[in-house]
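Please open the model in your viewer, with residue selection and distance tools to hand. The tour below moves from one selection to the next and says what is found at each stop.

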Amino acid sequence: MPDPITPAGAIAWVDDIAPDQAVGVCGAKMGRLAELYRAGVNLPQGFTVTVEAYRRHWEQAGLDAVADTALRGLGAGAEATKIEAAAATIRAEVAGREMSADLAALIGDAYDELCSRCFEINVPAAVRSSAIGEDSGTASFAGIFDSYLGVSGQDRVIDAVRACWASLFNARAVAYRLRAGLHYADMPMAVGVVELIHARASGVAFSAHPVTGKTDRVVIETNWGWGEAVVQGLVTPDHVEVGKADGRILKYQVADKTVVSAFDYAAGRVVETEMPARLVSQRVLDDEQITAITDAVLAVERHYGYPVDVEWVLDRHRREGEPVCVVQARPVTVNTPASDTPTEWNPAAMAAKYIFKT
Amino acid sequence: MATVIPVDEFITDEWYPGFKPAYTHAPWYIDPVQTFRKEDEENFWFLDFHWPRGLTPMGLIWNEDGYNWASQLAAEQMPLPPGRGITCRLGGTHTYGSPLPVNDLREIGQRARRLERSLPPFLQNFDGIWGDMREEVNESWDFFRGVDHSALSLTDLRENLIQARQYHKRAFEIHFQVMYPLLANYIGFYSMCTELGLDPGQIGKFLQGYDTKIMETDRELWRLTSAARAAGLESVFAASDAGQIRSALSAHGGAAGPWLTTFDDFLQVYGYRTEGSCDIALPSWNEDPTPALGMIKSFLRKDTEHDFEKARNAAIEEREAAVDAARSTLTLDEQKLFDGGLASCRAANFPWWQDDHNYYIDLRISLPMRWACQAIADRIGAGHQDDTLYLFWEEIMDVSSGRRPYDAGLRSLVEQRKQYFGYWLERRPSLPKVVGTIPESVNDPILIEIFGLNSHFLRAVEAAGSSSTVKTLTGVPASKGTGRGKARVLHNADQLHQLSPGEVLVCESTSPNWTPAFAKIAACVCDGGGTLSHAAIVGREYGVPTVTATGLATVVISDGDEVEVDGSTGRVTVIKQATNGRG
């Protein structure tokens, strides 16, 4: 038996981990939050159950043998039904293996610490998968692994951590890895546990237009409540464009937002539900909020030096002038940037481009 | 596979009775005017809306000197990188046009570099250039207007006709030299705006609200309408057919006398204008004031007068608001680009010129030739003044030089040709809108914007087979707003007086002589035309919902159908079909 895992080995606080180690210890998603903390971006309180903790659990539970057996013979062209069956087998095994008492206790302690930092008993948390390499430049697993919003209490948090681990073997994730020629051991799964911000509104913000690739504007998409419905594409969000050069709002398209991600107190989690009628066609963001979101996404872009896509939340207690809360950031995946648009009117060039197609 | 519409029905060596292929060989620049041949099927040909009646033999001058000389010359001089202008073929008396492509990539590149050098100075100096050109056209116009044909000998008349044709040809050199660069600039701007995410329905407004010579004429017509009302002449107008109004007014006496004097003064300034573009076969209002009087008659049936000041101020207000709204959605860099393009297009304003130039060129430039031909007809003892318009150029040259007598043979040919003209006039509504091979796209600016040969139109004519079941048409949203009313399908401007106030005008396309109708219609729908076609421009100036480039409106919609036109979305809906198909 190896030595029992230490608190410092299993748990890494966002505000504590060194930025240069953050992604290796905390996985992509949580590692980047730690980097942003150092860059001064406003973030929720939170910690990560580390890659190391996952590895220890995996070894102790003897899951390699389970996964290897189930995946044997499956290649890039494997049938969907076979992949689904193998993935289900592995997930069932992963879910059935108890976490070691040591690790469970460490996670429980960290959660208690989170509660005291947030001044709330059994603070609702967002438990998010944060695998190594999940949104690397070459492969994007965006949205493939699980996240649980509004998890409260030690036991539920620990269950959610195990569920995130199991999501490494979602059928989609397995299929994706088979196609990309990746092994599951290449992407160990850390799990973030962060304070659930009480969202008045949430959304995503891009520091470049995600479709045209234009880098002259910030594009914001937003909905009332939490951001899940927006991220998962369950709702047509309000669409906002802001000019980077002068921070002017170029466009605000109010959408009919029929679905909202709201906190279900009975179930103890965030769920997608019907939007209250009076909010459906109401504009979500005012100008001041748009400026705050723009500032936040541009700060993240400045930190990384390339276009980014940020998930943000407007805390219902936020006051004017305060920053918005960033809960995720990653490099934006866009089409080829808009190319050679000239900056001065040139009639011959325009005619060539649009009419003569020379 | 490309859709090919056969040209077989037009292939003939006969054509106009007595026609010899050699007759069409007036100088051309790239490609001559011809009748159709089978190999023409490999190219794309569209029915030209300018001559809904067809052309008489003498009318062929326009094809030769306009398209096949002037447009081809202008396309070489500016030059257009991938195009050598427009050529045409004759389907009976009707003109089918076609772009002449440049195919060699090296040459296209070379031409593009030439355009880069020649276009900016032209646009920057447009005001002066167009001013000089207008002066040139006006100077010669004054000369031709001052000619006393009765004092000229037959050979002098012949010389006068040759000079008038030369003037006509020069005017169209000017016409295309201006039109191509202005259009290239405008379409570039329009396309850039679209790419910047601006609403295409708004872009046309950025350049509206500038007075033209044509609008000036409309204003005067309304002034005459008010004067007629004030003089209590409404009943005289109401009781007479347009063609009889003049004699009815003369017979009426009293206040009608002074009114007719005012009307004649009007004609002296604005009456040198034909009921159609560039057609020697059409009289001016001076020669036959029926269209002007008919227009006043229909204006009198409207309860309210068209308030030009109000409409113009509204157009200006709308223009400024549209520009502001558009700019507010652009980043600073985009605004700079937009402002540059807008300034360039305002300095060299195509929509404005497109209306304005018609007064100086299209609507009057054939008249000196017409007067000479009519004088020759008188001199050679033709049965009718217009008979010489049914001669080919070579024939009238021979007759007026005395080389050939105007004998029974020619007289009989003239009669046969009139019948031929009449036969094809009847066939016009059923002619195919396009023949030959329908292309993916067209890149001659005139064909895109004036003829509306955009991809939507091309796809619509391709799909024309199932047209009989179409209840909804879509086209270019050319002038916003929704209008509903009974359809009036018109095939040429002669029928304009049939329009009643509140009807929806449905036509192939409109020309400047259709303009006055916009003061009384509920909406306008055209088969062809882009956002800068005449109907689109005038629709916006008059606030009439207009949809262009529907492809098939005159085929699908019948007189009396109840139609709704949404000029904001480009949708035209037949709500209720007329019971007998003909209202």
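Begin by selecting Asn185(B), which, leaving aside residues up to four places away in sequence, touches Pro347(A), Leu123(B), Ser344(B), Cys345(B) and Ala348(B); two residues are taken to be in contact if their C-beta atoms, placed from the backbone, lie within 7 Å. This is a predicted model, in which local features need pLDDT of at least 70 and side-chain atom pairs count only at pLDDT 80 or more, while totals for chains, interfaces and linings use all residues. Residues are numbered from 1 along each chain as its sequence is written, and chains are lettered from A and ligands numbered from 1 in the order in which they are written.

Asn185(B) lies in helix 4 of chain B, where helices (H or I, at least four residues) and strands (E, at least two) are DSSP runs numbered from the N terminus. Is Asn185(B) buried or exposed? Asn185(B) has 28 other C-beta atoms within 10 Å and is therefore buried, the class being buried at 20 or more other C-beta atoms within 10 Å of a residue's own, exposed at 12 or fewer, and partly exposed in between, again with C-beta atoms placed from the backbone. Add Asn349(B) to the selection: its C-alpha atom is separated from that of Asn185(B) by 9.1 Å, although the two residues are 164 apart along the chain.

Next, show helix 4 (residues 154-195) of chain B together with helix 15 (residues 393-401) of chain B, whose axes come within 8 Å and cross at roughly 150°. The axes are lines fitted to C-alpha atoms, for helices over the stretch in contact, and the angles run from 0 to 180 degrees between N-to-C directions. The two helices of chain B, 4 and 15, are therefore roughly antiparallel to each other, a term used for angles over 145 degrees. Helix 4 of chain B contributes Leu154(B), Thr155(B), Leu157(B) and Arg158(B) to the contact, and helix 15 of chain B contributes Met397(B), Ser400(B) and Ser401(B). By type, the residues of this contact divide into three nonpolar, three polar and one charged, with Ala, Val, Leu, Ile, Met, Phe, Trp, Tyr, Cys and Pro counted as nonpolar, Asp, Glu, Lys and Arg as charged, and the others, Gly among them, as polar.

Now colour both chains and turn to the interface, where 20 residues of chain A are in contact with 30 residues of chain B. On the side of chain A that touches chain B, strand 9 (249-253) and helix 12 (347-356) of chain A each supply at least two residues, and the largest share, eight residues, comes from helix 12 of chain A. That side of chain A divides into eleven nonpolar, three polar and six charged residues.

For the domains of chain B, select domain 1 (4-176 + 363-430), domain 2 (213-308) and domain 3 (467-576) in separate colours; the bounds come from an automatic or database domain assignment. The centres of domain 1 and domain 2 of chain B, taken over C-alpha atoms, are separated by 30 Å, and their contact takes 18 residues from domain 1 and nine residues from domain 2. Helix 14 of chain B provides the largest share, four residues, of the side of domain 1 of chain B that touches domain 2 of chain B.

Stay in chain B and select helix 6 (residues 213-230), whose 18 residues reach 26 Å from first C-alpha to last, close to the 26 Å expected at 1.5 Å a residue; the expected span is 1.5 Å times one less than the number of residues. Among the buried residues of helix 6 of chain B are Ile214(B), Met215(B) and Leu224(B), and what covers the buried residues includes helix 9 (256-270) and helix 19 (534-542) of chain B. Helix 6 of chain B is followed by Gly232(B), whose phi is positive, near 70°.

The last stops concern backbone geometry. Most residues other than glycine have a negative phi, and most peptide bonds are trans. Select Met78(B) and Pro79(B), between which the peptide bond is cis, with omega near -15°; Pro79(B) lies in the loop between helix 1 and strand 4 (83-91) of chain B. Finally, go to Phe119(A), which is not a glycine yet has a positive phi of about 55°, and which lies in the loop between helix 6 (101-117) and strand 3 (125-131) of chain A. Phe119(A) counts as exposed, with 7 C-beta neighbours inside 10 Å.

Terms used: Parallel < 35°, antiparallel > 145°, perpendicular 65-115°, else oblique.
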